[in-house]
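Colleague: I am new to reading models like this one. Can we go through some charged pairs and a pocket?

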Amino acid sequence: MRGHEIIVIGAGHAGVEAAWAAARMGRDVAICTLSRDTVAHMPCNPAIGGTAKGHLVREIDALGGLMGRAIDATGIQFKLLNRSRGPAVWSPRAQADKRDYSAWVRKTLESEPRISWIIGRAGRLVLENGRIAGLALEDGDTYRCDALVVTTGTFLNGLVHVGLEQRPSGRAGEPPSNDLAESLKSYDFSWGRLKTGTPPRLHRRSIDFTRFQEAHGDDPPVPFSFLTGAIERRQIACHVVHTTDRVHALVREHIHESPLYNGQIRGIGPRYCPSLEDKVMRFPQRERHQIFLEPEGLDADEIYVNGYSMSLPAATQAAIVHALPGLEDAEIIRPGYAVEYDFIQPTELDRTLQTRRVPGLFLAGQINGTSGYEEAGAQGLIAGINAALQVTKDPALVLGRDEAYIGVLIDDLTIRGCLEPYRMFTSRAEHRLLLRIDNADLRMTPSGRRVGLVDDLRWAAFFERRERFERNVARVRHTSVSVDGQRMPAARALRQPEVDISELVRCGQLPLDIRDPLVDLASVETEFRYEGYLRRQAEAVDRLRRQEERMIPADFTFEGIAGLSREMVERLTAVRPATLGQASRIPGVTPAAVALVAAHVSGRLGR
């Protein structure tokens, strides 16, 4: 029987990060996929980043992952969102050349000698003595492995809807993974069913772009990766259009044909990325909604209609598209659709993303109830790292909520679970001023180096950047500047909102070494401008960490604790929190219940 140390099922954004991480850490990895042609495919929006999602990509990059480098190499419009607000919420976003992005990632994976490919459809898990021992394909071939990472996206019992038409499919034109879904279900995981959707694609040449407002990116573009210098690739404009009364009337007239509203779809959709049907029906007071026309590549015919996701019948979709000014003659290459799929409640996982029921089995991406390429990539990276560490019997990598947005993501999933597709927001992070995009490398790259994912080249670049930051901070502390004719320490001057650090550097008053303004300048400025806030957040982190470090023994029994209700026992037993801090974040668990558990844990441990 052929074998590998680690097998990754799926080559989407979670799968490629998992495979890359494990292979770069020295493990023998195989990717099981139906075709190499859809590696890192973008079945929905051809873009990377956005509010909070850009933070995840920066952290993936800082740990040594692929996504940031991939979008820098293939992006065709870059924007830094929320520039007018504080640095905690600055978020990069980039439109991708969809085909080039996939090709770049595939070429990079193929250049890694420790990665091989299994072309086929995953069928069932193979266990020995209760833990993962291999993977059987639907055609009967079996491969041994020490760890298995499942990143199946929307393919588990996937069902595509276009109006009343339904067809089994993980996404347009690709078959679902039904056998693998049944194999996973045999291990009594807690399951749910979710829904996502995509808009129609239009032919570029059939659109009258003169009717629309242009939306340009930043000049110069801001890269995602800490290794990228300037973005040299040709950039494009997107176009803005708004829905009309006629569009809204057509949706209301045909709402009975929508599988979202006639009971055909039972899966729960994403609250924060509603379909056109939801926008019209749930927000009747809104006279119009903003739509973006986004090219899927520099030379691609397809135009992605961002904000126009729907699952109405194809003929109705055509009428709704043609109701937009400038799209009267638009040719629909492919109608929009909704897809329902099964997912495993992520409370079945520990914070390494390994399942509690089946040792050696890791899950990442939409199978855990998330939405978005960035959330998937972040999970894939952590699952791949921890699968590799488990094979070598090394300590796992677990990120805290105060260390990374990735830590917030995984803690939310494994403690709170999902009632709807999970999407990352900056508001989910209690300590977001500490978790900025400019300092992602300072926070994360040492961890990537420690586990063996950050190579010598990246480490040397990081080491230089960290020393540069420390020198710049020291220079600010020991330099005086003149502000409105008054001499004062630079550190005090930077606490004044009207003082522009870039102007102090430009005029020579503040001799800082600035290679990358977003990284070097922002890091130093934030260190002083928000010094009081940073100190208070650090103190809050210390207090929370003390609670987080109070461990609950793995064999601790919640049954029998006097005063602990049946409901509290059931909630705590279902999640099995490792610490009192985790117990306090379980939905529905009261502070009084946590106090009772703390008292019994202390009594058992004799303190």
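Modeller: A salt bridge is a side-chain nitrogen of Lys or Arg within 4 Å of a carboxyl oxygen of Asp or Glu. This is a predicted model: local features need pLDDT of at least 70, side-chain atom pairs count only at pLDDT 80 or more, and totals for chains, interfaces and linings use all residues. Residues are numbered from 1 along each chain as its sequence is written, and side-chain values use heavy atoms, leaving out hydrogens and water.

Colleague: How far apart in sequence are the parts that Asp 411 and Arg 351 tie together?

Modeller: The two side chains meet in a salt bridge, 3.8 Å from N to O. Asp 411 lies in helix α10 (helices are DSSP runs of H or I, at least four residues; strands are runs of E, at least two; both are numbered from the N terminus). Arg 351 sits in the loop between β21 (337-344) and β22 (361-363), so the pair ties together parts that are 60 residues apart.

Colleague: Are Asp 411 and Arg 351 buried or exposed?

Modeller: Buried means under 20% relative accessible area, exposed over 50%, and partly exposed in between (1.4 Å probe, protein chains only). By that rule, both Asp 411 and Arg 351 are buried.

Colleague: Which partner of the Arg 357 and Glu 348 salt bridge counts as buried?

Modeller: Their closest N and O atoms are 2.8 Å apart. Arg 357 has a relative accessible area of 44%, so Arg 357 is partly exposed. At 8%, the buried partner is Glu 348.

Colleague: How many salt bridges does the structure hold?

Modeller: One of them joins Arg 171 and Glu 174, at 2.6 Å from N to O. The structure's count is 48.
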